[in-house]
Amino acid sequence: MLILLSKIAFLGAVIGVGVLLKYFGLRCTSKVISVLVLYVLIPLLHLKIFATLEMSHQLTYIVLIILFYNFFSLIFLGFLLKGKADKRVKCSVILASTFQNCGFLPLPLCMIICGDVTVVAVYVFLQIMLLYPSALLIASNSQSLKERAKEVLIKMFLTPVITFSIIGLVLNFTGIVHLIPNAIFEIFNVLGQIGIYMSLLVVGLEIPSWKIIGDINRQESIILLWRIGISPILHLVPSYLLITNPIWLKQMIIESIMPPATMSVVLARVYGFATEII
């Protein structure tokens, strides 16, 4: 317990440094750090994880649980909100309820608490692969779908963590990974861990800008209920039944209770959804 508390205290201390940087007028560093973390350091960590990832039944269960949760949420919420709200609001509620912040917040939490982020990396990869097409499908009619599909796929595959994850998988499945010195992957791992801790600074830099929610309307109530109620159930029931790796189980627990993904806000703006709900 003492070790866990010390790790949580360290997490809070790094976030506190970010708050101090904001207080002294250095919030502009948030964008610089974010770009470095999201476009270089974290993608390198993904490359290392996927290149050295061992295929196993436990990994298969992780993938199936993530897919089950996302598809069930999309389908159930689609039927639940059918005809009960305008399209902009409905699409925003579906995105915000289903897709959680599976990377930026869980990465430092899992690294500090679990000492491993394998499940987080897998979750980020699968969620981005599902989020872009899902946003496109619920926003478009059959004609605009054909026009937008190519653009969406290009953007998705050019997302750094996706590109580097795919490169890692190719190295893994072709066996090329065995020709690369382990020292290279260790460097990627160290750089990725630096990126994870740097992301905590960004959290601290952004905390003073967060707004306290006042009155909660019906749509926001659905999002809140899904994120803190339904999501943990859909994740943890199959996880407790299937996952025997305690470190991976802890990561699934953390993933299940995360708030809505920031990428949902970005896609909501692109497709004209109600961003204020997300």
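**An all-helix predicted model: questions and answers**

Helix α4 is mostly covered, with 9 of its 12 residues buried. This is a predicted model, in which local features need pLDDT of at least 70 and side-chain atom pairs count only at pLDDT 80 or more, while totals for chains, interfaces and linings use all residues. Residues are numbered from 1 along each chain as its sequence is written, and side-chain values use heavy atoms, with hydrogens and water left out.

User: How many helices and strands are there in the protein?
Analyst: Helices (H or I, at least four residues) and strands (E, at least two) are DSSP runs, numbered from the N terminus. Read along the sequence, the pattern is α-α-α-α-α-α-α-α-α-α-α-α. The counts are 12 helices and 0 strands.

User: What percentage of the 278 residues in the protein is buried?
Analyst: Buried means under 20% relative accessible area, exposed over 50%, and partly exposed in between (1.4 Å probe, protein chains only). By this criterion, the buried share of the 278 residues is 47%.

User: Among contacts in the protein between residues at least 6 apart in sequence, what percentage joins residues at least 24 apart?
Analyst: Contact means heavy atoms within 4.5 Å. For pairs at least 6 apart in sequence, the share joining residues at least 24 apart is 83%.

User: Which residues of α4 are buried?
Analyst: Helix α4 covers residues 87-98, and its end C-alpha atoms are 16 Å apart, in agreement with the expected 16 Å. That expected span is 1.5 Å times one less than the number of residues. The buried residues are Val-89, Cys-91, Ser-92, Val-93, Ile-94, Leu-95, Ala-96, Ser-97 and Thr-98.

User: Is Leu-11 buried or exposed, and what is its relative accessible area?
Analyst: Leu-11 is placed in helix α1 (residues 2-23). Leaving aside neighbours within four places in sequence, Leu-11 is in contact with Pro-108, Leu-109, Ile-112 and Leu-200. Leu-11 and Tyr-197, 186 residues apart in sequence, are 8.4 Å apart in space, C-alpha to C-alpha. Leu-11 counts as buried, because its relative accessible area is 14%.

User: How far apart in space are Pro-106 and Ile-254, C-alpha to C-alpha?
Analyst: Pro-106 lies in helix α5 (residues 106-113) and is buried at 0% relative accessibility. Leaving aside neighbours within four places in sequence, its contacts are Asn-101, Met-111, Val-120, Ile-254, Glu-255 and Met-258. Although 148 residues separate Pro-106 and Ile-254 in sequence, their C-alpha separation is 6.6 Å.

User: Where is the kink in α10 centred?
Analyst: The 25 residues of α10 (residues 218-242) should span 36 Å, and the end C-alpha atoms are 35 Å apart, which agrees. The bend at a residue is the angle between axes fitted to the seven residues ending there and the seven starting there. The kink is about 45°, and its centre is Trp-226.

User: Which residue with positive phi follows α8?
Analyst: Helix α8 (residues 160-174) has 15 residues, and its end C-alpha atoms are 21 Å apart, in agreement with the expected 21 Å. Its buried residues include Pro-160, Gly-168 and Asn-172. With a phi near 85°, the residue that follows α8 is Gly-175.

User: What is the relative accessible area of Val-35?
Analyst: Val-35 is found in helix α2 (residues 29-52). Val-35 is partly exposed, because its relative accessible area is 40%.
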